[in-house]
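Q: I am new to this structure and would be grateful for a careful guided reading of one part of it. Please keep the account connected, so that each point leads on to the next.

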Amino acid sequence: METCNWYADGKWLEPAGGEYFDSDNPYTGKAWARIARCDEKDANIAVQAAYRAFHEGPWGRMTPAERGLMLRRSGDAVARHADRLAEVETRDNGKRRVDIRPGLTSWLIDSFYYYAGMADKFEGAVIPTGRDNILNFTRPEPFGVVAAITAWNSPLLIAIWKLAPALAAGNTVVLKPSEFASASTLELMRALEDADLPSGVVNVLTGFGTEVGAPLVEHPLVRKVSFTGSVAGGTRVAALAAAGVKSVTMELGGKSPQLVFDDARLDDTVHGVCGGIFPPAGQSCIAGSRLLLQAGIHDAFVARLVEVASRARLGDPNADDTDIGPIANRAHFDRVLGFIERARADGATLACGGNAVDPDDSGGWFIEPTIFTDVDPESELARAEVFGPVLAVMRFDDEADAVRLANATDYGLAAGIWTEDHRRALELANRIEAGTVYLNNYFDACTQSPVGGYKQSGYGRELGWEGLRAYLQTKSVWLSTARRIDAPF
Ligand code: NDP
């Protein structure tokens with residue numbers, strides 16, 4: 001079994017308390033690595049290192065162009081280590097290899113390059129104050145130490161979405177991955193050692209949210225918190241950050257609707273809807289987990305959907321022909337099965353799936369793609385984020401009904417609208433309360449386009465220009481050129 005220490009100030013360190021915890025391989029259900037169980041003392045070491053790197057180290061003295069070069073080197077380092085990064089993430093959280101390599105890793109590399117290019121392009125402004133003897137200008141400045149806390153479903157992606165813009169803006173970072181999937185973030189740190197970033201610029205603390213995440217957020221030297229995770233976790237973290245009046249970005253969960261109108265192309269839409277939830281076993285924040293079907297096509301659409309979903313091959317996330325991998329951890333596997341059991345008890349009709357399976361007898365945590373119809377819009381399945389391969393199907397009659405149902409959620413991360421009427425698609429896109437709306441497609445994203453939530457799906461944006469601005473604060477500088485200053489009294 002591999003032993004993974006944590007990283008601060010350019011060094012691999014043993015945890016202060018000397019303890020480690022197991023990380024499991026979801027395909028085998030067995031532990032494969034021991035991860036450092038950091039605590040408050042370690043959090044302090046990491047934050048102090050990041051603080052020194054920001055205020056005293058070469059990082060703070062670098063020109064923006066030099067920082068950009070460091071980010072380019074970081075992208076190059078990820079490119080060199082891409083195979084190993086993909087291997088570790090697949091082993092640690094069961095994400096399909098084909099999802100990570102080459103697609104995801106080339107996207108991660110691009111994210112570093114994209115923000116490398118921005119490092120010397122954010123400008124202040126000269127403000128038209130209307131005063132003759134005053135020059136007032138703004139300077140975008142970094143916050144200092146950023147705490148970046150990430151979820152287990154896509155640790156590398158989420159880490160780099162925070163790391164690249166935070167560094168481009170000139171901050172230093174302490175990353176805290178989920179206890180359920182820390183190994184690939186540690187592997188990323190190993191890759192970044194090749195980029196020769198100055199010590200303390202990036203640090204990775206591992207361990208449990210309450211033991212090390214909370215002290216990290218509360219640390220007085222941390223000035224910005226960027227969090228990706230559940231609403232429950234985000235609410236706790238936002239409260240801790242509020243006590244220290246820290247800037248916060250929240251990327252939280254979703255219960256995203258897919259609206260299908262009777263003029264949508266049947267097969268394309270079925271493929272889009274299936275692809276919008278099942279390949280990552282529903283473990284995606286933007287999973288389209290509520291399917292709203294116009295009444296006239298309901299039965300035909302469900303029949304075709306069941307046919308396509310039922311032929312998905314579950315299995316080894318390393319295999320090229322695997323359609324759906326395992327659930328990333330045992331606790332979550334039990335949680336998803338609990339949702340399925342309660343949906344049955346609530347009277348929803350099980351159209352397909354619903355079972356835990358072990359297709360390769362590997363001991364892995366697999367759940368069949370599961371579709372429930374006749375879901376009561378007030379029921380738990382219609383409202384709660386399952387974060388598993390479970391699709392809740394409901395019916396609507398007309399546009400107004402569709403919008404009402406789509407917005408009947410506390411979440412607002414994403415939505416899909418399927419119709420051949422593009423006027424209707426664009427009109428409805430304006431009326432849906434969600435940070436991302438897909439029209440006749442689903443699940444796309446790119447480094448240049450901002451993502452984030454409405455309502456309880458969070459606030460702030462990642463990626464694009466907005467993703468960079470989240471790591472900058474504005475200083476307004478006033479210079480007087482007056483020859484004399486009049487006495488005030
Ligand atoms: P959690 O909220 O449970 O945990 C997220 C992170 O917060 C983990 O690193 C966790 O550590 C840490 N944490 C938990 N409690 C605290 C605390 N009190 N103080 C500091 N840190 C804490 O989310 P999950 O990991 O279960 O992730 C799944 C969720 O993430 C889903 O809701 C999903 O929708 C959402 N998500 C959102 C995305 C977006 O972009 N909007 C993208 C991906 C996922 P530990 O693991 O030790 O508890």
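How many salt bridges does the count come to? Please then look closely at the side of domain 1 that touches domain 2.

A: The model is a predicted one. The count comes to 33 salt bridges. In general, side chains of opposite charge can pair when their charged atoms come close. One such pair is Glu2 with Arg84, whose closest N and O atoms are 3.8 Å apart. This salt bridge joins distant parts of the chain, for Glu2 belongs to strand β1 (residues 2-4) and Arg84 to helix α4, with their positions 82 residues apart in the numbering.

To place the part in question, one begins with the division of the protein chain. Domain 1 comprises 2-252 + 457-476, and domain 2 comprises 257-439. The C-alpha centres of domain 1 and domain 2 are 31 Å apart. Where the two meet, 20 residues of domain 1 are in contact with 29 residues of domain 2. Between them, domain 1 and domain 2 bury about 2,000 Å², of which 57% is on carbon and sulfur atoms. On the side of domain 1, the residues that lose the most area to domain 2 are Tyr27, Arg96 and Trp152, which together account for 34% of what that side buries.

The count of salt bridges between domain 1 and domain 2 is zero. Polar contacts, by contrast, are present: eleven residue pairs link domain 1 and domain 2 in this way, counting pairs with both residues at pLDDT 80 or more. On the domain 1 side that touches domain 2, at least two residues are supplied by each of β4 (20-25), α4 (82-93) and α5 (97-118). The residues of this side comprise seven nonpolar, eight polar and five charged.

Helix α5 deserves a further remark. Pro102 is found in helix α5, and the peptide bond leading from Arg101 to Pro102 is cis, with omega near 5°. A second backbone feature concerns Ala281, which has a positive phi of about 55° although it is not a glycine. Ala281 is placed in the loop between α10 (266-275) and β13 (290-294). As a general background, most residues other than glycine have a negative phi, and most peptide bonds are trans.

The ligand completes the picture. There are 29 residues around the ligand, and Glu179, Gly209, Ser230, Leu252 and Glu385 come nearest. Glu179 has a polar side-chain atom 2.5 Å from an oxygen atom of the ligand. For Glu385, a polar side-chain atom likewise lies 2.5 Å from an oxygen atom of the ligand. Thr150 approaches through its backbone, with an N or O atom 2.8 Å from an oxygen atom of the ligand.

Definitions and conventions. Residues are numbered from 1 along each chain as its sequence is written. This is a predicted model: local features need pLDDT of at least 70, side-chain atom pairs count only at pLDDT 80 or more; totals for chains, interfaces and linings use all residues. Side-chain values use heavy atoms; hydrogens and water are left out. Domain bounds come from an automatic or database domain assignment. Contact means heavy atoms within 4.5 Å. Buried area is the accessible area (1.4 Å probe) that two parts lose on being put together, summed over both. A salt bridge is a side-chain nitrogen of Lys or Arg within 4 Å of a carboxyl oxygen of Asp or Glu. A polar contact is a pair of N or O atoms within 3.5 Å; within protein, one must be able to donate a hydrogen and the other to accept it, and residues adjacent in sequence count only if both atoms are side-chain atoms. Helices (H or I, at least four residues) and strands (E, at least two) are DSSP runs, numbered from the N terminus. Ala, Val, Leu, Ile, Met, Phe, Trp, Tyr, Cys and Pro count as nonpolar, Asp, Glu, Lys and Arg as charged, and the others, Gly among them, as polar. A residue is near a molecule or strand if one of its heavy atoms lies within 4 Å of it.
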